[in-house]
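Colleague: Please pick one part of this model and go through it closely, then show how it connects to the rest. Give the cut-off for each term when you use it.

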Amino acid sequence: ALVAALVVAAAASAALSPAGARAAGLSAAGLAAGGGVMLAALARTYPHGRLGLGNLVTLVRAALVAVLAGLLIGPGAPAGPSWAALALAGMALALDGADGWAARRAGLVSRFGARFDMEVDVALALVLALLAWQSGKAGVWVLGLGLMRHTFLLAGLLWPALRAPLPDSRLRKGVCVVQIGVLTALLAPPLTPPLSQWTAAGALALLGLSFARDVAWLMRGGARR
């Protein structure tokens, strides 16, 4: 499955980038590195005897993120977002949720699968935010849409209370969908400043409020919401 994802990522990168071979190599290398980490974690923590469709869907999403990252860092990368990049990001967004549904349907739900899905979401948000900034859709502050989770984890190093587990929240999940949805929409060539800036700012404000809500809950020691 990992080999197939590498082939898909490399082929898509080659088709999308003017410097296709080099961008394909970067995409495939990034996916291979991430896949190696995933397989190591899988061997230690996965409780089931087979990978399952859910994790395969997440792996496909990881391949799409690798392709988008190749567009970002590959030599000769496009000067701005394209319809093809928008389609790839839209596919990654559309598949979000399908992996969890498939895992539940097959009885293969695991902490590994949930964490794998979350980390792919985090990587996708960061890559899309970098593309939005690089293309001039918004200022450097748009990176906040991709770095909020990283900032939260760093804050946990200073305040141990922030490392406690959070309960499931439909609101948090909904805000995450809005976050990725807006970042995906920013790849649309017709969406330009100032509309793109206001759209990104609204999503950033919503995401900030969501994190502030969770931080307040954790700092209160997990009091009832």
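Modeller: What follows starts from one helix and works outward to its surroundings.

The model is predicted, so local features are taken only at pLDDT of at least 70 and side-chain atom pairs only at pLDDT 80 or more, while totals for chains, interfaces and linings use all residues. Numbering starts from 1 along each chain as its sequence is written, and side-chain values rest on heavy atoms, with hydrogens and water left out.

The chain has nine helices and zero strands, where helices (H or I, at least four residues) and strands (E, at least two) are DSSP runs numbered from the N terminus. The part chosen is helix H9, residues 195–219. The expected span of a helix is 1.5 Å times one less than its number of residues. For the 25 residues of H9 that gives 36 Å, and the end C-alpha atoms are 36 Å apart, which agrees.

Both ends of H9 have a backbone feature beside them. In the loop between H8 and H9 sits Pro194, and the peptide bond joining Pro193 to Pro194 is cis, with omega about 5°. Just after H9, Gly221 has a positive phi of about 85°.

Which residues of H9 are buried? They are Ser196, Ala200, Ala203, Leu207, Ser210, Phe211, Asp214, Trp217 and Leu218. Buried here means under 20% relative accessible area, exposed means over 50%, and partly exposed lies in between (1.4 Å probe, protein chains only). The buried residues of H9 pack against helix H7 (144–158) and helix H8 (170–185).

Met219 belongs to a nonpolar surface patch of about 600 Å², together with Leu154, Leu157, Leu158 and Trp159. Patch members have over 30% relative accessible area and no salt bridge; like charges are joined within 9 Å, and nonpolar side chains (Val, Leu, Ile, Met, Phe, Trp, Tyr) within 5 Å. H7 gives the most to the nonpolar patch, three residues. Leu157 lies in H7 and counts as exposed because its relative accessible area is 62%. Accessible areas come from the Shrake-Rupley method with a 1.4 Å probe, and for residues only the protein chains shown count as cover. For the chain, the accessible surface comes to about 11500 Å², with 70% of it on carbon and sulfur atoms.

On the inside, the largest nonpolar core has 45 residues. Such a core is a set of buried Ala, Val, Leu, Ile, Met, Phe, Trp, Tyr and Cys residues joined through side-chain atoms within 4.5 Å. H9 supplies at least two residues of this core, as do H3, helix H4 (83–95), H6, H7 and H8. The largest share, ten residues, comes from H6. The residues with the most contacts inside the core are Leu68, Leu128 and Leu186.

Leu128 is in contact (heavy atoms within 4.5 Å) with Leu68, Ala89, Ile180, Leu183, Thr184 and Leu187, leaving aside neighbours within four places in sequence. One of these partners, Thr184, is found in H8 and counts as buried because its relative accessibility is 6%. Not counting residues up to four places away, Thr184 touches Leu86, Ala89, Gly90, Leu93 and Leu128.

H6 also takes part in salt bridges, defined as a side-chain nitrogen of Lys or Arg within 4 Å of a carboxyl oxygen of Asp or Glu. The count comes to six. Arg61 pairs with Asp117, the closest N and O atoms being 3.0 Å apart. Arg61 lies in helix H3 (residues 52–73) and Asp117 in helix H6 (residues 111–134), so the pair ties together parts that are 56 residues apart in sequence. Arg61 also meets Asp121 in a salt bridge, at 2.6 Å from N to O. That second pair again links H3 to H6, 60 residues apart. Both Asp121 and Arg61 are buried, and Asp117 is buried as well. A network of salt bridges links Arg61, Asp96, Asp99, Asp117 and Asp121.

Arg115 and Glu119 form another salt bridge, at 2.7 Å from N to O. These two are four residues apart in H6, so about one helical turn separates them. Arg115 is partly exposed at 48% relative accessible area, and Glu119 is partly exposed at 34%.

Two totals give the background. Buried residues make up 40% of the 225 residues in the chain. Of the contacts between residues at least 6 apart in sequence, 78% join residues at least 24 apart.
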